[in-house]
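Hi there,

Here is the structure I promised to pass on. Have a look at it first, and my notes follow underneath.

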Amino acid sequence: MTDSGDSDMRTDQQWTRPPRESIGARWSKWDLLTKLAVVSLVVASGGVISWVADGFAIADRFTAKRPVTPSPSAMLNVAPEPPPAACGQNNSPDRFSVVISRDGEDATGQCIGYSDGEDLMFGSGKALPEAQSRIFRYNREVERMAKEGWPNPRVRLVMMTALTTKLKLPADERYPAEREAMEGIAIAQHLALKNGKDTPSRPLLEVVVANAGQGGEHVDILLPKIKELAQSDPTVTAVLVAMDSRTSTRTAMQELQSYGLLVLTSTGAADRLGEGMTRFLQLQTTTREQSRLIRSYAKHLGLGSIINIYTIGNPPPTPKNADLYVDDFRAGLRKEFGDGYQERQWGATGFDLRDWCHDRYDGIVFYGGRYTEFDGFLKEVYRTCRKGNLPILVGAGNTSRYVVGDPETNGRDVAPSDYPFVFSSNGVASATCKPKNPGNLQFFLEAVKQVLGRCQDATDVKPLGVRTGPAFDIINIMLDSVARQTVAGVKEITGAGIHTEIMERNRQQAFEGVSGPIHFDDNGVIDSGGESLMCLHNIREAYVRNTRGTIPYEVATTGAHGSPIVGKDDCPHP
């Protein structure tokens with residue numbers, strides 16, 4: 001499905017400059033971003049810095065050009081974002097933070113660190129702090145119960161993610177995937193507290209939120225501090241990693257495993273993400289399985305060729321920090337389509353989208369890049385090929401973020417309304433208030449009402465978020481394991497013990513998740529299927545009305561062990 005590379009900063013909208021903010025003399029030098037064509041620095045008195053840079057913004061979102069090639073006329077107005085006042089004040093073992101403001105790097109002063117309380121939160125806007133605050137309030141309730149002598153076992157989970165950027169963008173949706181994952185965590189905390197008050201063997205969940213900065217660039221600062229935390233607190237047993245599937249993320253996960261922690265990811269989908277790991281659980285189907293499903297769907301349409309148009313993301317990959325998600329998709333599709341496979345980098349020199357319009361190309365145009373650049377790509381395809389000559393468009397799992405995200409923030413409010421496309425996803429089933437087959441979802445939706453205040457009306461078509469259900473599922477699997485071990489008389493709960501118990505039970509039966517059964521292969525990667533290709537007729541009005549055209553529906557899916565099932569329904573491709 002999706003990959004946490006969705007955290008890449010939006011680059012194809014026109015933003016207005018927020019009010020200038022004083023950051024004192026802490027930052028004396030700006031990092032000139034390599035992707036900006038023109039930068040004008042304006043230094044005001046009193047240590048106030050504001051700047052105007054030509055770059056990623058596009059004045060007309062509907063006719064947006066390639067997002068990686070800035071328009072000289074488009075101006076992006078931004079101001080430095082000061083770190084929270086508590087950043088750098090590390091008076092508790094449960095707090096660590098440092099302002100990154102080295103010359104030539106993060107002159108905006110990202111706050112890197114971890115916290116389990118509301119006195120230190122990461123990111124700005126409204127939605128991100130609200131999601132963290134919700135988690136921290138549940139932390140306080142767990143602490144209260146522990147002080148009162150409740151006998152429940154306690155488990156502390158570290159969520160390692162990215163919540164700050166080098167630029168200040170006035171939008172709560174700049175990190176939607178991370179917010180959704182935190183909402184899933186909060187639901188797990190809520191149900192753990194509810195069940196724990198009735199059953200002493202049920203564990204209570206505390207969460208430490210760790211911010212590695214934009215693109216996880218500063219994870220090396222966090223790792224030794226998380227090691228100290230894990231060594232000083234035996235209840236720290238697991239880490240949920242929600243960062244891009246890059247080699248640097250894999251290296252960090254390997255390091256976290258060496259601390260004795262169970263490493264979880266509900267977002268990473270790259271085939272090679274878990275290499276070298278022995279205590280690892282990955283809840284998203286791999287790009288290899290997704291590639292097989294796309295090949296089967298192409299056969300169903302009578303097509304044997306595909307052009308994979310991919311992006312390089314932000315920050316760009318390097319030989320030491322490859323983009324595993326994008327690269328593994330390229331390899332998977334190349335294997336499945338053979339001589340029928342071609343690929344191009346979106347925005348590369350000499351790229352001409354007209355070559356892939358229907359009159360010149362009889363195959364699938366596949367968007368295999370990061371979701372943050374899909375808006376510009378979609379509109380350019382529509383503008384270039386025009387109605388009547390549009391190609392069959394299929395999107396990687398990242399594009400589901402575009403479908404369920406805030407339309408005004410991500411540009412979907414002015415996207416084409418008459419260009420059906422198919423996208424890959426396995427979280428959409430748990431992202432609606434009225435699923436086709438409620439099953440195990442009912443108790444989850446009741447918790448959603450209480451925790452998030454959503455789904456009060458079953459007719460509400462607004463999606464919850466693709467990442468909410470999977471984050472809840474993987475944490476719930478861990479908590480159920482702790483409960484079973486407690487009943488069995490296990491005195492010391494460890495990351496290794498949790499993993500061993502989960503894998504032993506996994507060999508006997510699948511786990512019940514909010515989106516269906518969950519089973520892992522011997523490497524800890526989900527292999528129980530559930531990956532879907534969803535058709536959406538009207539991209540602009542997705543989830544606005546409860547109609548066939550505006551609500552995605554399934555046209556293909558994977559069964560057990562990734563076996564494709566195609567022909568359940570048809571999508572009216574152009």
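Let me start with glycine 149, which follows helix H1 and has a positive phi, near 90 degrees. Helices here are DSSP runs of H or I with at least four residues, numbered from the N terminus. H1 covers residues 127-147, and its 21 residues should span 30 Å at 1.5 Å a residue (the expected span is 1.5 Å times one less than the number of residues). The end C-alpha atoms of H1 are 31 Å apart, which agrees.

A word on the source: this is a predicted model, where local features need pLDDT of at least 70, side-chain atom pairs count only at pLDDT 80 or more, and totals for chains, interfaces and linings use all residues. Residues are numbered from 1 along each chain as its sequence is written, and side-chain values use heavy atoms, with hydrogens and water left out.

Now the rings. The whole structure holds 16 aromatic pairs (rings of Phe, Tyr and Trp, the last by its six-membered ring, with centres within 6.5 Å; planes under 30 degrees apart are stacked, over 60 edge-to-face, the rest tilted). Phenylalanine 374 and phenylalanine 377 make a tilted pair, 6.3 Å centre to centre with 35 degrees between the planes. Both lie in helix H7 (residues 374-385), 3 residues apart, about one turn of the helix. They also belong to one aromatic cluster, whose members include Trp346 and Tyr402.

Finally, the charged end of arginine 548 sits over the ring of tyrosine 553, 3.9 Å from its centre (CZ of Arg or NZ of Lys within 6 Å of the ring centre and within 35 degrees of the ring normal).

Best wishes

Definitions and conventions:
Helix = DSSP H or I, 4+ residues; strand = E, 2+ residues; numbered from the N terminus.
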